[in-house]
Amino acid sequence: MGAGAILKQHHRVKFGYTFGEFKAGEPSQYAHTNMLFTQYDYLLPIARNINLTAGAMAGYQFAAHKVDKIMINGPVIGAQIGAEYRYQQIGFELGYHYNVHLKDHKYEDGIKTTQKDDQTVTMGINYYFQ
C-alpha cells in the first residue's frame, strides 16, 4: 500500500507500507512483519499505453515474535522491475522486487540470526489524477 507522484513524466516516487508474515516455529506461531519504505522508479514508455519500470527502494522493517523471542528490526534496501499498462486514468502494474536485509537480528538470549534476502512478485492498480 502506498502513495506517490510522477515527476516530469518519467520519474516516480512512492512512500508506502507493507505487511507480511514472519515464519518461525509452527504455523500457529507466525507473527507479522511491517515495513515502511520509499521507492523510486524510472518509467520507460515502450508504447502509447505501456511503460517498463525499474528502480530502487529503501525502508525499515520491524517485527517481534513473542514465542521464539526474536526481534526483526532493521534497514532494508532493494531493487524492482516491472511493466504497467495504462488505460485512461487507471494503470495495471506487474512487478518483481528483490530486497536485502542489512542487519542481523538477535534472540532474547543474545544469539544472532540472519534474515535471508526476499523476492516478491507484485500486482497493483494505479490511479492517475488529471
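## Exercises on a predicted chain of strands

Ile-46 is exposed, with a relative accessible area of 52%, where exposed means over 50%, buried under 20% and partly exposed in between (1.4 Å probe, protein chains only). The model is a predicted one, in which local features need pLDDT of at least 70 and side-chain atom pairs count only at pLDDT 80 or more, while totals for chains, interfaces and linings use all residues. Residues are numbered from 1 along each chain as its sequence is written, and side-chain values use heavy atoms, with hydrogens and water left out.

**Exercise 1. Find which elements the chain has, and which of them has the lowest mean pLDDT.**

Step 1: the chain has 0 helices and 9 strands, where helices (H or I, at least four residues) and strands (E, at least two) are DSSP runs numbered from the N terminus. Read from the N terminus on, the order is therefore β-β-β-β-β-β-β-β-β.

Step 2: the chain has 130 residues, and buried residues make up 29% of them.

Step 3: for confidence, look at pLDDT, the predictor's own score for each residue, from 0 to 100. The mean for the chain is 84, and 78% of its residues reach 70 or more. Strand S7 (residues 105–106) has the lowest mean among the elements, 64, whereas S6 has the highest, 94. Where pLDDT is low, the predicted coordinates should not be read in detail.

**Exercise 2. Work out which residues are linked with Arg-12 in a network of salt bridges.**

Step 1: the structure holds 2 salt bridges, each being a side-chain nitrogen of Lys or Arg within 4 Å of a carboxyl oxygen of Asp or Glu.

Step 2: in one of them, Asp-41 meets Arg-12, with 3.0 Å from N to O. Asp-41 belongs to strand S3 and Arg-12 to strand S2 (residues 11–22), so this pair ties together parts that are 29 residues apart in sequence.

Step 3: Arg-12 also forms a salt bridge with Glu-93, and here the closest N and O atoms are 2.9 Å apart. This pair links distant parts of the chain, since Glu-93 lies in strand S6 (residues 90–101), 81 residues from Arg-12 in strand S2.

Step 4: Arg-12 is buried, with a relative accessible area of 4%, and Glu-93 is buried as well, at 14%. Asp-41 is likewise buried.

Result: Arg-12, Asp-41 and Glu-93 are linked in a network of salt bridges.

**Exercise 3. Identify the strand that gives the most to the nonpolar patch.**

Step 1: a nonpolar surface patch of about 950 Å² is made by Tyr-40, Tyr-42, Leu-44, Ile-46, Ile-50, Leu-52, Tyr-85, Tyr-87, Phe-92 and Ile-125. Patches are made of residues with over 30% relative accessible area and no salt bridge, like charges being joined within 9 Å and nonpolar side chains (Val, Leu, Ile, Met, Phe, Trp, Tyr) within 5 Å; the areas come from the Shrake-Rupley method with a 1.4 Å probe, and for residues only the protein chains shown count as cover.

Step 2: strands S3 (31–47), S4 (50–65) and S5 (70–87) each supply at least two residues of the patch.

Result: S3 gives the most, with 4 residues, and Ile-46 is found in this strand S3.

**Exercise 4. Describe how the ring of Tyr-127 pairs with that of Phe-129, and find what sits over the ring of Tyr-128.**

Step 1: rings of Phe, Tyr and Trp (its six-membered ring) pair if their centres lie within 6.5 Å, and planes under 30 degrees apart count as stacked, over 60 as edge-to-face and the rest as tilted. By this rule there is 1 aromatic pair.

Step 2: Tyr-127 and Phe-129 form this pair, with 4.9 Å from centre to centre and 80 degrees between the planes, and the pair is edge-to-face. Tyr-127 is partly exposed at 47% relative accessibility, whereas Phe-129 is exposed at 73%.

Step 3: the charged end of Arg-86 sits over the ring of Tyr-128, 3.8 Å from its centre; the test asks for NZ of Lys or CZ of Arg within 6 Å of the ring centre and within 35 degrees of the ring normal.

**Exercise 5. Find the loop that holds Lys-8 and give the phi value of this residue.**

Step 1: Lys-8 is found in the loop between strand S1 (2–7) and S2, and its phi, near 55 degrees, is positive in a residue other than glycine. Most residues other than glycine have a negative phi.

Step 2: Gln-9 is found in the loop between S1 and S2 too, and has a positive phi of about 65 degrees.

Step 3: Lys-8 is exposed at 76% relative accessible area, and Gln-9 counts as exposed at 65%.
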